[in-house]
Amino acid sequence: VPDQICTLDGLAATLLSHYGKGVRIVDDTTARIILSDILYQHQDELPLILHHTPSAKTLQEIQTLISVILRREIKYPDCLEELQGEKSEQIATVIHLYRKRLNDSSLVDADTVLEWACGFLRDLPEGQAEKIMRNVIFYGLFEPLPLEKKLIRQILHITQSTEYYLPAGDDPAV
């Protein structure tokens, strides 16, 4: 990756565009269409989630839930423990079907591209990593989410040098 300034999401997208070999990233609208199609195809299995054609708001809320679960690497619905029920099982089914559809179609969305980048960096042949990334500087990542931390660890593992800066000052707002 040539010198660039970007977010972790941008880095993952750049790695995908250079090394993805047939894997494509979809935007949020396309991801919502895929999610809508899954809900429509499986509506009989999802009576507690879907009473009618899903609204744009319902799709957005499910998409947000999927994003939170992926980026925080939450074991859903296990995290609910005794609060698990039929509805959480149906939500888990939707998440599984959505991720399967993306995988089967060689697609990633804004969240799964981070997972793709982690796997790509982890599976690089020895000697290949330094050709892709040598020196990395992180700036201002105060509380990276678990999936972002996973990507940062993969980057630390393959780079020759890494620096991590957190801005600070007398003003607590900094």
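This report walks through the fold, surface, salt bridges and backbone oddities of one protein chain.

## The overall picture

What we have here is a predicted model. The protein chain has 174 residues, and 37% of them count as buried. Its secondary structure adds up to seven helices and four strands. Reading from the N terminus, the order goes α-β-α-α-α-β-α-α-β-α-β, so helix α1 opens the series and strand β4 ends it.

As for dimensions, the C-alpha atoms fit a box of roughly 55 × 45 × 30 Å along the principal axes. If you look at contacts between residues at least 6 apart in sequence, 75% of them join residues at least 24 apart.

## Surface and charge

The accessible surface of the protein chain is about 10900 Å², and carbon and sulfur atoms account for 51% of that. On the charge side there are 17 positive and 26 negative charges, and the mean positions of the two sets sit 5 Å apart.

There's also a nonpolar patch on the surface, made by I137, Y139 and Y165. Together these residues offer about 380 Å² of accessible area. Y165 belongs to strand β4, which covers residues 161-165. Is Y165 buried or exposed? Neither label quite fits: its relative accessibility is 40%, so Y165 counts as partly exposed.

## The salt bridges around R71

Side chains of opposite charge can pair when their charged atoms come close. In this model the count comes to nine salt bridges, and R71 is a good place to start looking at them.

R71 pairs with D9 in a salt bridge, at 3.1 Å from N to O. The two come from distant parts of the chain: R71 is in helix α3 (residues 56-71) and D9 is in helix α1 (residues 8-19), with their positions 62 residues apart in sequence. Their surroundings can be told apart as well. R71 has 10% relative accessibility, so it counts as buried, while D9 has a relative accessible area of 29% and is partly exposed.

R71 also meets D111 in a salt bridge, here at 2.5 Å from N to O. Because D111 lies in the loop between β2 (107-108) and α5 (112-122) and R71 in helix α3, the pair ties together parts that are 40 residues apart in sequence. D111 is at 9% relative accessibility, so it counts as buried. Which residues make up the network of salt bridges here? D9, R71, D111 and E148 are the ones linked in it.

## E73 and the loop between α3 and α4

Another salt bridge joins the side chains of E73 and K150, at 3.4 Å from N to O. Again the pair links distant parts of the chain, with E73 in the loop between α3 and α4 (86-104) and K150 in helix α7 (residues 146-158), 77 residues apart. Both partners fall into the middle class of accessibility: E73 is partly exposed with a relative accessible area of 33%, and K150 counts as partly exposed at 33%.

E73 is worth a second look for its backbone too. Its phi is near 50°, a positive value in a residue other than glycine. So what you have in E73 is a partly exposed residue, at 33% relative accessibility, that lies in the loop between α3 and α4 and also takes part in a salt bridge with K150.

## More backbone oddities in that loop

Where else does the backbone do something worth checking? E81 has a positive phi of about 50°, although it is not a glycine. E81 is found in the loop between α3 and α4, where E73 is placed as well. With a relative accessible area of 55%, E81 is exposed, whereas E73 counts as partly exposed.

The loop has one further feature, at a proline. The peptide bond from Y76 to P77 is cis, with omega near 5°, and P77 lies in the loop between α3 and α4. If you're going through the model by eye, this loop therefore brings together the positive phi of E73, the cis bond leading into P77 and the positive phi of E81.

Note on methods: Residues are numbered from 1 along each chain as its sequence is written. This is a predicted model: local features need pLDDT of at least 70, side-chain atom pairs count only at pLDDT 80 or more; totals for chains, interfaces and linings use all residues. Side-chain values use heavy atoms; hydrogens and water are left out. Buried means under 20% relative accessible area, exposed over 50%, partly exposed in between (1.4 Å probe, protein chains only). Contact means heavy atoms within 4.5 Å. Accessible areas come from the Shrake-Rupley method with a 1.4 Å probe; for residues, only the protein chains shown count as cover. Lys and Arg count as positive and Asp and Glu as negative; His and the chain ends are not counted. The place of a charge is taken as NZ of Lys, CZ of Arg, CG of Asp or CD of Glu. Patches are made of residues with over 30% relative accessible area and no salt bridge: like charges are joined within 9 Å, nonpolar side chains (Val, Leu, Ile, Met, Phe, Trp, Tyr) within 5 Å. A salt bridge is a side-chain nitrogen of Lys or Arg within 4 Å of a carboxyl oxygen of Asp or Glu.
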